[in-house]
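Take a moment with the sequence and the fold before reading on. The walk-through below goes from the whole chain to two local details.

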Amino acid sequence: MSANTILVLDFGGQYSHLIARRIRELKVYSEVGPGDLSSREFEELKEDLNIKGVILSGGPSSVYNEKSPKIDRKILKHSIPFLGLCYGHQLIAFISGGKVKPGKKHEYGISKVRINNSQGILEGLDKVEKVWMSHIDTVTELPEDYDVLAQSENCPVAAFMHKHKPFYGIQWHPEVTHTKNGMLILRNFVYNICRCKPNWKLENHINNSIEEIKKTIGKSKAIIALSGGLDSSTATILASKAIGKNLTAVFVNHGFLRKGEPDFVESIFKKSDMNFVKLSEQERFLKKIKGVKEPEKKRKIIGREFIRVFEKNAKKIDAEYLIQGTIYPDRIESGFKKFSDKIKTHHNVGGIPSKISFKGIVEPLRDLYKDEVKKLAASLGLPEKIAWRQPFPGPGLAVRIIGKVSKKKLEIIKKADKIVTEEIEQRGFNDKLWQYFAVLMDTKSTGVKGDARAYGYTVAVRIVESKDAMTANFTKIPYNILESISTRITNEIQDVTRVVYDITNKPPSTIEWE
């Protein structure tokens, strides 16, 4: 049993697991459970996990709709602290007898709130705070047992507390980095209100994962989908420690990799004592997505073909299980949860066919964020050039080409991506960044090359900073670096006449374009 746990009840919010991630940063164990958890199920969890507090997540629904997810009212009768965030804030107010209505103005992005009463969860905050809002509905009236703690221009009840019970609600999102003092709010709840002790360590996940893999696979054989990226490489090491020679690492070159990627991956893993197989399937994958423009369809086709390739090779070695390096942001964006909206399908989640020949799919990193995986990789002794690589999508450059994919477009995007990477890394700027890459747009524009009219493609450059990939800011990159990138791309790639820079944060965008 954990010494103390914060349970996050998930109502379909994009940041549900990020809340748990932030709690873990405070060295307190946290788990995510379904928002419609029954009172009996909660009782069992409370005993098993020693739950000290509950956080109700955000979500895309409206609490006043009959079919919207609701918490079992009996759970609120427990004498432990509750904190509602966004939808959770509205839900506590609504089921307690308050009123929730569509706001006159919606709030998305950075807002300012006035703190009327800086006690409880708001202790230590300034009178005016910058916070991240993302809501349509708002609490317009509280039950008589509640007090207003904060307001915004468009939200009369931006935060509240119960007069006698440790029940709190805030309309904004303290878990995202855009909220200046978000961690202070969560710290107040976890330490001051729930009285938790900081005793959880990420390294505990190593032993737990190894034991889980052993228990699931037993003495059977398994293959792991190895891309050479951080996630799949970390999962490979964990799986190797768990089942040893019963693991085969399968690297599939689907043709959508960066320049030099296949040779790089082979050089790293062929030196190890694990079973390593490299497959060249470029023509197969390119043929399957020929003429496909819609990004979701691309992702699903690529995901399906990955599985089929793995199935074929698993039969050769009698492997019954497939292991993947899926991490939480992959699952959350693929809309795997009961109440969540799908943003985009990841090839190793939503792209998996409904019928597969594997006995099971094992995902030892499924509850971790990218920065947690990086720390895990370092603990496992992975080389720095793997542990600190920038993230790369499973479908590869196929989703960095807007519209139809062709050999010519792949040649262009590979060259552009190499130029962006070289310019960033040669200047030592990569240590400050999360991702930096090129996107080939499906539009052409007129340019001038060699005193003659040229009509070519547009390349978009995307450079972002992030901590966990759930939120990200575009980088205010020095103009001389952008100029060098633009000059090289237009000079070295004949078919490109224009380069643009993406200055959109996540949200509202995603990091990748497709």
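How many helices and strands does the chain have? The count is 14 helices and 18 strands. Keep in mind that this is a predicted model.

Start with the overall dimensions. The C-alpha trace spans about 70 × 65 × 40 Å along its principal axes. Is that in line with a compact globule, or at odds with one? The chain has 514 residues, and a compact globule of that length would have a radius of gyration near 24 Å. The chain has 24 Å, so the two agree.

Burial comes next. Of the 514 residues, 57% count as buried. Then look at how contacts are spread along the sequence. Take the contacts between residues at least 6 apart in sequence. Of these, 75% join residues at least 24 apart.

Now go to a helix pair. Two packed helices are described by the angle between their axes and the distance between the axes. Helix H1 covers residues 16-25, and helix H4 covers residues 182-193. Their axes come within 10 Å and cross at roughly 75°. An angle of 65 to 115 degrees counts as roughly perpendicular, which means that H1 is roughly perpendicular to H4. Which residues make the contact? From H1 come Arg-22, Ile-23 and Glu-25. From H4 come Met-183, Leu-186 and Val-190. By class, this contact has four nonpolar residues and two charged ones, with no polar residues.

Turn to the strands, and to E8 at residues 155-162. Is E8 mostly covered or mostly open? Seven of its eight residues are buried, so to speak of E8 as mostly covered is fair under the cut-off of under 20% relative accessible area.

E8 has a partner in strand E7, residues 146-152. E7 and E8 run antiparallel and are joined by five bridges. In one of these pairings, Val-148 has Phe-160 in E8 as its bridge partner. The link between E7 and E8 is a hairpin through two residues.

E8 also pairs with strand E9, residues 167-170. The sense is again antiparallel, over three bridges. Here Ala-159 stands opposite Ile-170 in E9. The hairpin from E8 to E9 passes through four residues.

One point helps when viewing these strands. In a regular strand the side chains alternate between the two faces of the sheet. With that in mind, trace E7 into E8 through its hairpin, then E8 into E9 through the next.

Key:
Residues numbered from 1 in each chain as written. Predicted model: local features only at pLDDT ≥ 70, side-chain atom pairs only at ≥ 80, totals over all residues. Heavy atoms only, no water. Axes fitted to C-alpha atoms, helices over the stretch in contact; angles between N-to-C directions. Parallel < 35°, antiparallel > 145°, perpendicular 65-115°, else oblique. Contact = heavy atoms within 4.5 Å. Nonpolar A, V, L, I, M, F, W, Y, C, P; charged D, E, K, R; others polar. Buried < 20%, exposed > 50% of the residue type's maximum accessible area, 1.4 Å probe, protein only. Pairing = 2+ DSSP bridges. Rg over C-alpha atoms; globule rule 2.2 N^0.38 Å.
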